[in-house]
Amino acid sequence: MDKLSIDLHEDKTAYAPRETVRGAIRWNLQTNPEHLKFSLIWYTSGKGTRDVGVVQTVTFDNPGSFGSRDFAVPLPDGPYSFSGKLVSLIWAIELTCMPGSETARREIVVSPTGSEVLLGDASMQGSHPWNEGNRGHSPLERILGARR
Amino acid sequence: MKARDNPFTVDRISALRYRPLDTTFDEILRRLEELNYRAAIVGPEGSGKTTLLENLQDALAQQGFKTWMFFVNDTVPLNGPACRRLLTEVASDEIVLLDGADAVRRSAWMLFRRRTASHAAGLIVTSHRPGLLPTLTKCSTTPALLQEIVNELQPPGRTLSADFLSDLYQRHAGNLRDCLRELYDLYTAHA
């Protein structure tokens, strides 16, 4: 079975801005890929269209069907990892092989505090028509049920 | 709930494949070939036209075609000068995929249609109304399709009642995009 993996040094997943992410990539594939692409990216996820920033990409040509390489990638000043109700910004390291659809991805947190920045709790509760009539459960609890 | 944990984020919805109701994807590809790669995907808002166009782009690329997709909407209409600039960049071996052909002004559309007939390998558009090009397929939705998509996106062990989804579907007149946006807000507010 094709396999790509990303190991982070000391399994560290939270980094400060400008810190260096260290680790190793490993691959064990059934065929020789033409390229392996290693990328440090951030992307948004939420109600709106996804935005993506590619901070660094390294392509390894003819890497062979198996092997490993150490990496050390310095992080920029930002943006910080954050989450609100409408959008989250997520950092990740990705390894892809071409041709093929095999991909490995490790999410990391980039923040001065070592954890994702959480934006204000702008509650929208009560803004939906089915919020009317309290039967002792939240609207979602009333709408959602266990799937048998 | 953090945005990233919401089951109805745009990236999760965008990852869904188009689900034809009364045909198959292979049949659509066959018909596209019969139409010499000049065809329109027709349907109302939120019926899957853009999803199908994107899926066709992937399928055509797998078949070795070069494709070029672009999007037009009411805020950035494609007028004559913009159309001429765009057409100079189209290569003769490319299939042009145009999402939102309704927003192309009539004179620009005539130019676009004529020019791509001789200077491109194909033209596939999405439109709310038939008539711009031969219809490849008509997109439509059903409450059952909404239920199926919601079941796929929701976390395991949870489900929305059929009555609720049926009401949601009716309120949005079958526009699945708007239904899923409302479900995003529902989860944001109450999960």
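Is Ala59(B) buried, partly exposed or exposed? Keep that in mind as we walk through this predicted model; we will select the residue on chain B a little later.

**Stop 1: chain A as a whole**

Start by showing chain A alone as a cartoon. You should find one helix and 11 strands. Trace the chain from its beginning and the order reads β-β-β-β-β-β-β-β-β-β-α-β. Of the 148 residues in chain A, 20% are buried. Among the contacts with a separation of 6 or more in this chain, 66% link residues 24 or more positions apart.

**Stop 2: strand β4 and its two partners**

Now select residues 35–46 of chain A, which make up strand β4. One partner is strand β5, residues 52–61, and the two pair in the antiparallel sense over nine bridges. Together β4(A) and β5(A) make a hairpin, with five residues between them. For a landmark, show Lys37(A) as sticks: opposite it, in β5(A), is Thr59(A).

Next, add residues 87–98 of chain A, strand β8. This strand also runs antiparallel to β4(A), and 12 bridges join the two. Pick Ser39(A) and look across to Glu94(A), its bridge partner in β8(A). As you look along these strands, remember a general rule: in a regular strand, side chains alternate between the two faces of the sheet.

**Stop 3: the two domains of chain B**

Switch to chain B and colour residues 25–138 as domain 1 and residues 141–190 as domain 2. Taken over C-alpha atoms, the centres of the two domains of chain B are 29 Å apart. Four residues from domain 1 and six residues from domain 2 take part in the contact between them. On the domain 1 side, the touching residues comprise one nonpolar, two polar and one charged.

**Stop 4: the cores**

In soluble globular proteins, nonpolar side chains tend to be buried together. To see an example, select Ala40(B), Ile41(B), Leu98(B), Leu123(B), Ile124(B) and Val125(B), the residues with the most contacts inside the largest nonpolar core, which has 29 residues. At least two residues of this core come from each of α2 (25–34), β1 (38–42), α3 (49–62), β3 (94–99), α5 (106–119) and β4 (122–127) of chain B. Another core, of 16 residues, lies apart from it; Val150(B), Tyr169(B), Leu176(B) and Leu183(B) are among its members.

Go back to Ala40(B) and show what surrounds it. Beyond its neighbours within four places in sequence, its contacts include Ala101(B), Val125(B), Ser127(B), Pro130(B) and Leu136(B).

**Stop 5: Ala59(B)**

Here is the residue from the opening. Ala59(B) sits in helix α3 of chain B. It is partly exposed, because 16 other C-beta atoms lie within 10 Å, while a buried residue needs 20 or more and an exposed one has 12 or fewer. Draw a distance line from its C-alpha atom to that of Asp26(B): the separation is 9.7 Å, although the two are 33 residues apart along the chain.

**Stop 6: Ile13(B)**

Finish at helix α1 of chain B, residues 10–14, where you will find Ile13(B). Ile13(B) also counts as partly exposed, because it has 18 C-beta neighbours inside 10 Å. Setting aside neighbours within four places in sequence, Ile13(B) is in contact with Phe8(B) and Leu180(B). For one last distance, join the C-alpha atoms of Ile13(B) and Arg177(B): they are 8.8 Å apart in space and 164 residues apart in sequence.

Definitions and conventions
Residues numbered from 1 in each chain as written. Chains lettered and ligands numbered in written order. Predicted model: local features only at pLDDT ≥ 70, side-chain atom pairs only at ≥ 80, totals over all residues. Helix = DSSP H or I, 4+ residues; strand = E, 2+ residues; numbered from the N terminus. Contact = placed C-beta atoms within 7 Å. Core = buried A, V, L, I, M, F, W, Y, C linked by C-beta atoms within 7 Å. Domains from an automatic or database assignment. Nonpolar A, V, L, I, M, F, W, Y, C, P; charged D, E, K, R; others polar. Pairing = 2+ DSSP bridges.
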